[in-house]
Each structure stands twice: as structure tokens, then as C-alpha cells.
Amino acid sequence: MQTPTSLPPHHPTTPVAVIAHLSDTHIDTGAEDAGRSAERTRTVMRYLNDLPYDLDAVIVTGDITDHAAPSAYEEARKLLTSRHPLLTCPGNHDERAAYREHLLGEPPRTDPINQSYTTDHFTLALCDTSVPGEDHGSLSDETLTWLSDLLAGTRPTQPVLIAFHHPPVPLHTPYVDEIRQFDESRLAALTTRHPNITAFLAGHAHTPAATTFANRPLLVAPGVVSTLRLPWEPQTTPTHHIHRDLPPALAFHVLDDTGRLTTHFRPVPLD
């Protein structure tokens with residue numbers, strides 16, 4: 001085999017969108033260390049707001065509060081203030097009526113909270129996987145219909161990123177896998193009809209993770225409030241399942257002009 005004398009010309013790709021993805025802030029105004037979750041969230045938001053770059057979106061995939069107290073949502077509303085477009089969705093620690101009233105400033109209804117955001121380069125669909133009164137997740141009929149209608153109204157060449165709280169596959173973390181998103185076959189079937197679904201984005205696990213679902217990337221954001229101990233990491237007791245001393249972290253999802261999605265996970269040092 002001959003060794004080529006010159007390399008083919010390099011054609012660099014250009015980012016067309018950068019999306020910051022954080023999750024699991026667990027704001028709790030009633031806890032003994034209530035200031036801890038707020039300060040970690042404040043540090044992450046300060047980092048994002050101080051970036052020398054205009055992000056295309058910031059998303060927060062659930063468990064905004066720890067106990068769904070109105071005062072915690074009021075605090076979260078102040079903390080989750082950004083110069084970048086910001087969207088959220090609920091997690092299993094959230095409660096829809098209080099979330100709507102005190103975080104979104106809407107009437108306190110209890111139907112699923114689904115939001116979308118569209119630019120020239122991508123569409124974000126934030127789906128509510130919370131199941132009232134339960135820790136596991138599922139997409140309701142109402143949410144699946146909403147998502148199907150959104151996809152049907154999106155041009156076939158528009159990249160779509162679908163975000164929610166609960167991952168729809170096991171992550172090999174027993175504590176989380178027991179309360180993941182179930183009934184995922186319906187979402188998988190919907191995905192096969194829409195090739196422009198680029199990736200799924202989730203939270204809930206308190207650990208950065210990358211896997212696949214329905215032949216698409218599934219990218220899990222780290223937790224802001226804490227980091228999960230993996231099953232093969234040391235634990236002093238069976239309930240010692242989180243690191244509280246590691247810094248908060250987030251993900252940056254970069255969409256380029258070829259449609260490729262690249263994810264960078266980034267810890268944010270505490271001051």
C-alpha cells in the first residue's frame with residue numbers, strides 16, 4: 001500500500017447552535033442546608049451568563065425543586081434567570097400546579113407541562129415525563145399527541161432535540177433505573193417516523209451519561225445539586241449513593257452545519 005504524499009483538504013464544520021443543558025437543581029428553601037442548592041445553581045447560572053458567547057438556548061431538565069414548595073419555585077424563578085433563552089420541564093420532585101403558578105407565572109393547572117422552542121437551525125421539544133405522585137416517569141397520551149403534532153408541523157430537514165427528565169433506558173445505575181421512564185416503546189415508535197429527531201436529552205440520573213435510544217443519541221446531563229455514585233464506586237453505607245462534594249456540572253450540546261451533534265460535559269468550580 002502506498003503512503004499518500006498529501007492529505008485531502010480539510011473542510012471544517014461550523015457550529016450553528018450551542019445549547020447548555022443542566023438538570024436537577026433541587027432548590028429547597030426548607031432544608032437545613034437550603035442555601036447549598038441555591039448557591040450551586042447560582043454558580044452555574046453566573047458561569048453561563050458570563051460566557052463570551054451568546055448561547056442558542058439553556059434547558060433545565062427537571063427536579064427544579066426538591067419538595068415542590070411554592071417558596072422553592074419562587075427562589076428558582078429568581079435563580080434561573082438568563083440572558084440566553086431558557087426553558088424548563090418538570091421532574092419527579094416537581095408538582096405541576098405549583099410549578100406553573102410560581103415558576104412559570106401561569107394558572108395552576110395539573111395537565112402536563114410541555115414546551116417547545118424553534119430557531120432557524122433547530123427545534124427543542126421539552127416533554128413532561130412526570131407522573132403525579134410517583135417517582136418513575138412516562139409520557140402521557142396527551143404529551144405524545146402534543147409531540148406528534150409538533151413533529152408533524154416541523155419541516156423534515158429541521159433537526160429536533162427532544163428533552164425530558166427521565167431517561168427511557170436503563171443506565172446501569174440501580175437506584176435510578178428503578179424509577180426511569182417506562183412505556184418507552186410508544187416514543188420509540190414515534191421516533192421511527194421522524195428521521196429528523198437528532199437526539200434525546202435527559203436528566204434525573206445526577207451523572208453525565210451517553211447512550212442510545214431508538215437508534216438516536218441519548219445524552220444525560222449531570223446533576224447540579226449532587227453527583228450519583230456509580231455501583232462500582234466505594235459506598236460506606238447502602239444509602240450513601242451520592243457525592244455531595246463534587247462541583248456542579250452541565251452539558252453543552254453543539255449542533256454543526258452537517259447536522260452532527262457533539263456534547264461536552266463541563267464541571268463548574270464553586271467560588
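**A walk from helix 6 to the open sheet**

On helix 6, the face turned away from the buried side carries two exposed residues, S185 and T192. Keep in mind as you look around that this is a predicted model.

Now turn to the other side of this helix. Helix 6 spans residues 185-192, and its buried residues are L187, L190 and T191. Viewed down the helix axis, these buried residues fall within an arc of 105°, so they line one face of the helix. A general rule helps here: an α-helix has 3.6 residues a turn, so residues three or four places apart point the same way. What do the buried residues of helix 6 pack against? Their partners are helix 4 (141-152) together with strand 7 (197-202), strand 8 (209-213) and strand 9 (216-220).

Let us move on to a sheet. Five strands form an open sheet in the order 3-2-1-12-13, and their pairing is mixed. Strand 3 (86-89) and strand 13 (261-267) are the edge strands, each pairing on one side only. On average, neighbouring strands of this sheet are turned by 20° against each other, direction ignored.

Within the sheet, look at strand 1 (residues 15-22) and strand 12 (residues 249-256): they run antiparallel and are joined by six bridges. You can find one such pairing by locating P15, whose bridge partner in strand 12 is D256.

Finally, a helix packs on this sheet: helix 1, residues 34-49. Helix 1 touches strand 1, strand 2 (57-61), strand 3, strand 12 and strand 13, and its direction makes about 30° with that of strand 12.

Notes
Residues numbered from 1 in each chain as written. Predicted model: local features only at pLDDT ≥ 70, side-chain atom pairs only at ≥ 80, totals over all residues. Heavy atoms only, no water. Pairing = 2+ DSSP bridges. Helix = DSSP H or I, 4+ residues; strand = E, 2+ residues; numbered from the N terminus. Axes fitted to C-alpha atoms, helices over the stretch in contact; angles between N-to-C directions. Contact = heavy atoms within 4.5 Å. Buried < 20%, exposed > 50% of the residue type's maximum accessible area, 1.4 Å probe, protein only. Arc of directions from axis to C-beta.
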